[in-house]
Amino acid sequence: ADFFETFWDSGEARVGEVGARGWKAWMTQQERGGWVQPPAGKILLQVLFDDIGPSLICLSSAELQLRFLLSFLSFLGFPVDVLLSAAPYQPSLLLENLSLLTQGTELHRPLTSFNLPVLETGINSVGHMTTLQGTRKWSGLGKQGEKFLTNVFSMLQPVLPPPHRAVLSLNWILYEKLKVLHILRSSNKKCLRSQGKSSKRVAKRLLKEPENRSSLVLWREYAHLEWMLSNLDEARKVFSTATAMGGTKGLSSPALCELCLLWSQLEVENTAKELGGVTDVTTSPAVVVLTRLAEGTSSSSSSQTLSPVSILKARRSYEQSLSSSLSSLEKHIWNPQLDKKGECSEKCLGSLF
């Protein structure tokens, strides 16, 4: 704590600020070359170590460290997937967003907002207070806030363990999707093009990371981002590539089930928009995707023709998987985090028939 006090009051850039290297790098420099004096004329913050010292705690658990980081990012306005933050729920988010109680369900909310309504609860400007009078305008983080977050990510990614880097990467892509969704609702085409390019660069950069290259969750979110930007052919290529990565796991892979479920939902939405509804189930892109999932084969294209026998076998596979999952639930105490496979099977079965 004594050394941290020296670092805190030294004027050295801190995490999120331009030029920040971190406490560890600063300590190494001090050990090699002695204490570094703050630059002349640098103004230190009002917030001194004496103000925060009594509140400092040490988190020895890696999971608690991750939850602390995600909670801090959520406080800044970053959307945090509460399921990945190792917390079953975060009631404070509802209390901070009373507009959720008055906005109701949007009639034109598309399936492309998959997983985003929950994440919207994390979007707040620091100091913003929501009231029960009408809906509030999403203001985002602004240029300075975006720059701060980028600096935080760039600095933390290399020092976090791979599983935690994956969590941060997923939430980052979700944040990019959320920004695109808000612009879609505003119908600002010029802004959408600019934001789309920026968000795709972030997603592609994250997918190039070694620990992310085989992550079906991240590939799913990237494909969804392309779909939201109306790049349907590109999105289908990404979905197809991801299902091939999933191999022959089929219904035994929760991540692959979630990916195919989203793909099929998007195809249903698109078919309804173009044709007014599904006319032939054997040529339905959504049914093709779900049937290939049940068969344990990759769907190279969503526009294939199926035989009635293949569809029937797929239905039986989903029914058996669902029955097996329900039987397993009856033998154990109910757990709200339990059985993603059974949940996906039920959703997919509903989508297929």
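Q: If a helix is taken as a DSSP run of H or I with at least four residues, numbered from the N terminus, in which helix is the place of Arg-220?
A: The model is a predicted one, and its protein chain has 16 helices and zero strands. Within that set, the run covering residues 216-228 includes Arg-220, and the helix asked for is therefore, under the DSSP numbering from the N terminus, the one named H11.

Q: Is Arg-220 buried or exposed, and what is its relative accessible area?
A: The cut-off for a buried residue is under 20% relative accessible area, whereas exposed means over 50%. Arg-220 falls under the lower of these limits and therefore counts as buried, with a relative accessible area of 8%.

Q: What distance separates the C-alpha atoms of Arg-220 and Leu-262?
A: Along the chain, Arg-220 and Leu-262 are 42 residues apart. Arg-220 belongs to H11, while residue 262 falls within the range of helix H13 (254-275). In space, the C-alpha atoms of the two residues are separated by 8.0 Å.

Q: Which helix gives the most to the largest nonpolar core?
A: The largest nonpolar core has 54 residues, and those with the most contacts inside it are Leu-73, Phe-78, Phe-153, Phe-239 and Leu-293. With 11 residues, the top contribution to this core comes from the helix spanning residues 162-186, namely H9. Another core, of six residues, lies apart from it and includes Phe-7, Trp-8, Trp-26 and Phe-49, but the helix asked for in the largest core is H9.

Q: Against which helices do the buried residues of H8 pack?
A: Helix H8 (residues 142-156) has 15 residues and reaches 21 Å from its first C-alpha to its last, close to the 21 Å expected at 1.5 Å a residue. Its buried residues are Leu-149, Asn-151, Val-152, Phe-153, Met-155 and Leu-156. These buried residues pack against two helices, H4 (62-76) and H9.

Q: Which helix supplies the largest share of the lining of the largest pocket?
A: The largest pocket holds about 1800 Å³ of space, and of the 36 residues that line it, the closest to its centre are Phe-4, Val-15, Trp-23, Phe-68 and Leu-156. By class, this lining has 28 nonpolar, four polar and four charged residues. Helix H1 (2-8), helix H2 (23-33), H4 and H8 each supply at least two of its residues, and the largest share, six residues, comes from H4.

Q: Which helix gives the most to the lining of the largest cavity?
A: The largest cavity holds about 60 Å³ of space, and of the 12 residues that line it, the closest to its centre are Thr-243, Cys-260, Leu-293, Thr-297 and Ser-298. By class, the lining has four nonpolar, seven polar and one charged residues. The elements that give two or more residues to it are H13 and helix H14 (285-295), and the most, three residues, comes from H14.

Q: What value is phi of Ser-230 near?
A: Ser-230 lies in the loop between H11 and helix H12 (232-245), and at 59% relative accessibility it counts as exposed, because the cut-off for that term is over 50%. Most residues other than glycine have a negative phi. Ser-230, a residue other than glycine, has instead a positive phi, near 70°.

How values were computed
Residues are numbered from 1 along each chain as its sequence is written. This is a predicted model: local features need pLDDT of at least 70, side-chain atom pairs count only at pLDDT 80 or more; totals for chains, interfaces and linings use all residues. Side-chain values use heavy atoms; hydrogens and water are left out. A nonpolar core is a set of buried Ala, Val, Leu, Ile, Met, Phe, Trp, Tyr and Cys residues joined through side-chain atoms within 4.5 Å. Buried means under 20% relative accessible area, exposed over 50%, partly exposed in between (1.4 Å probe, protein chains only). The expected span of a helix is 1.5 Å times one less than its number of residues. Contact means heavy atoms within 4.5 Å. On a 1 Å grid over the protein atoms alone, a cavity is a set of points where a 1.4 Å probe fits but cannot get out, and a pocket is an open set with protein on both sides within 12 Å along at least five of seven lines; lining residues have an atom within 4 Å of a point. Grid points are joined across faces, edges and corners, and a volume is the space filled by probe spheres set on the points. Ala, Val, Leu, Ile, Met, Phe, Trp, Tyr, Cys and Pro count as nonpolar, Asp, Glu, Lys and Arg as charged, and the others, Gly among them, as polar.
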